[in-house]
Amino acid sequence: MIAENLKSVRQRIERACKRAAIPPQDAKIVCVTKGRPADEIIEAIEAGVGIIGENRVQEAALKYKAIGNKTEWHLVGHLQTNKAKDAVRIFSLIHSVDSLRLAEEIDRQAGKIGKVQDILVQVNVSGEKSKFGMAPDQVPAFLNGSALYRNIRIKGLMTIAPEVDDPEKARPYFRRLRKLRDEINSLQLLSMGMSNDFEVAVEEGSNMVRIGRAIFEDV
Ligand SMILES: *Cc1c(COP(=O)(O)O)cnc(C)c1O
């Protein structure tokens, strides 16, 4: 089932790319595996998934131990500063950096192991209280403030759209993040789109979709 689901997700991404006139290889899939056992993750890797996304550092650490670095590991969930030390050892990309304090701690911990840690800035485009992420208008100050940190590299922006019944309703949030990214010359990655709304996200320029249920479940 995992291989078939993955194939279907890929086809849906390809069609969305075609509609938006984007080269399909530009849209990467992060396979989100929170709560899934190692054998399902291995099945996904064997089906061709190249990036695994986890929500929690502790859960990821156990799986990383079991599976190792035959895949890339990304942190897509919220990161507490006291977990930054473990996070820099596991993840090639941290999608959820939402404060200077956290960026500073990631920089410090990455420096200790001689790593330059790639990160994304999580932006709360919808302004929902329940969501992590900085407001769009805080992003320029964050970029200025973090320019001194030598052991992080800011690669792009990430957002989680509101849960809506119709994915079309998520489109304005994706468009807003795309616009923000386009205003900042140095940023390339746009991590947006989940099982419910990834096609709309790709049409709006997402080049990194984070997909769990559409790969592992019959949805
Ligand atoms: C769980 C999760 C996803 C994947 O969600 P699905 O609906 O299972 O595709 C993507 N991003 C984040 C931050 C998540 O927590």
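## A buried serine in a loop

Let's start with serine 195, which sits in the loop between β7 (189-191) and α8 (198-203). Keep in mind that this is a predicted model. Is serine 195 buried or exposed? Its relative accessible area is 11%, under the 20% cut-off, so serine 195 is buried.

What does serine 195 touch, once residues up to four places away in sequence are set aside? The list is Arg12, Arg210, Ile211, Gly212, Arg213 and Ala214. One of these, arginine 210, is 15 residues away along the chain, and its C-alpha atom is separated from that of serine 195 by 7.6 Å.

## The largest pocket

Arginine 210 turns up again here. The largest pocket holds about 720 Å³ of space. It is lined by 28 residues, and those closest to its centre are Lys34, Ile160, Glu163, Met194 and Arg210.

What kinds of residues make up that lining? It's a mix: eleven are nonpolar, nine are polar and eight are charged.

## Two nonpolar cores

In soluble globular proteins, nonpolar side chains tend to be buried together. Here, the largest nonpolar core has 61 residues. Which of them have the most contacts inside it? They are Ile13, Phe91, Ile94, Ile106, Leu157 and Ile215. The element that gives the most to this core is helix α1 (residues 2-20), with six residues. Another core lies apart from it, made of nine residues, including Val30, Val76, Met158 and Met208.

Take isoleucine 106 as a sample of the largest core. Not counting residues up to four places away in sequence, isoleucine 106 touches Leu79, Ala84, Val88, Ile94, Val97, Gln117, Ile119 and Ile152.

## One aromatic pair

How many aromatic pairs does the structure hold? Just one. Tyrosine 64 and tryptophan 73 form it, in an edge-to-face arrangement, with 5.9 Å from centre to centre and 80 degrees between the planes.

The two partners fall into separate accessibility classes. Tryptophan 73 counts as buried because its relative accessibility is 2%, while tyrosine 64, at 26%, counts as partly exposed.

## Three more loop residues

Valine 125 belongs to the loop between β5 (117-122) and α6 (139-146). Its relative accessibility is 13%, so valine 125 counts as buried. Leaving aside neighbours within four places in sequence, valine 125 is in contact with Pro136, Thr159, Tyr173, Arg176 and Leu177. Alanine 135 is ten residues from valine 125 along the chain, and 6.5 Å separates their C-alpha atoms.

A later loop, between α6 and β6 (152-158), holds asparagine 151. Setting aside neighbours within four places in sequence, asparagine 151 is in contact with Asp107, Ala110, Gly111, Lys115, Val116 and Gln117. From asparagine 151 to valine 88 is 63 residues in sequence, but 10 Å in space, C-alpha to C-alpha.

Where does alanine 21 sit? In the loop between α1 and β1 (28-32). Is alanine 21 buried or exposed? Alanine 21 counts as exposed, because its relative accessibility is 70%. Its backbone has a quirk too: phi of alanine 21 is near 55 degrees, a positive value in a residue other than glycine.

Definitions and conventions
Residues are numbered from 1 along each chain as its sequence is written. Side-chain values use heavy atoms; hydrogens and water are left out. On a 1 Å grid over the protein atoms alone, a cavity is a set of points where a 1.4 Å probe fits but cannot get out, and a pocket is an open set with protein on both sides within 12 Å along at least five of seven lines; lining residues have an atom within 4 Å of a point. Grid points are joined across faces, edges and corners, and a volume is the space filled by probe spheres set on the points. Ala, Val, Leu, Ile, Met, Phe, Trp, Tyr, Cys and Pro count as nonpolar, Asp, Glu, Lys and Arg as charged, and the others, Gly among them, as polar. A nonpolar core is a set of buried Ala, Val, Leu, Ile, Met, Phe, Trp, Tyr and Cys residues joined through side-chain atoms within 4.5 Å. Buried means under 20% relative accessible area, exposed over 50%, partly exposed in between (1.4 Å probe, protein chains only). Helices (H or I, at least four residues) and strands (E, at least two) are DSSP runs, numbered from the N terminus. Contact means heavy atoms within 4.5 Å. Rings of Phe, Tyr and Trp (its six-membered ring) pair if their centres lie within 6.5 Å; planes under 30 degrees apart count as stacked, over 60 as edge-to-face and the rest as tilted.
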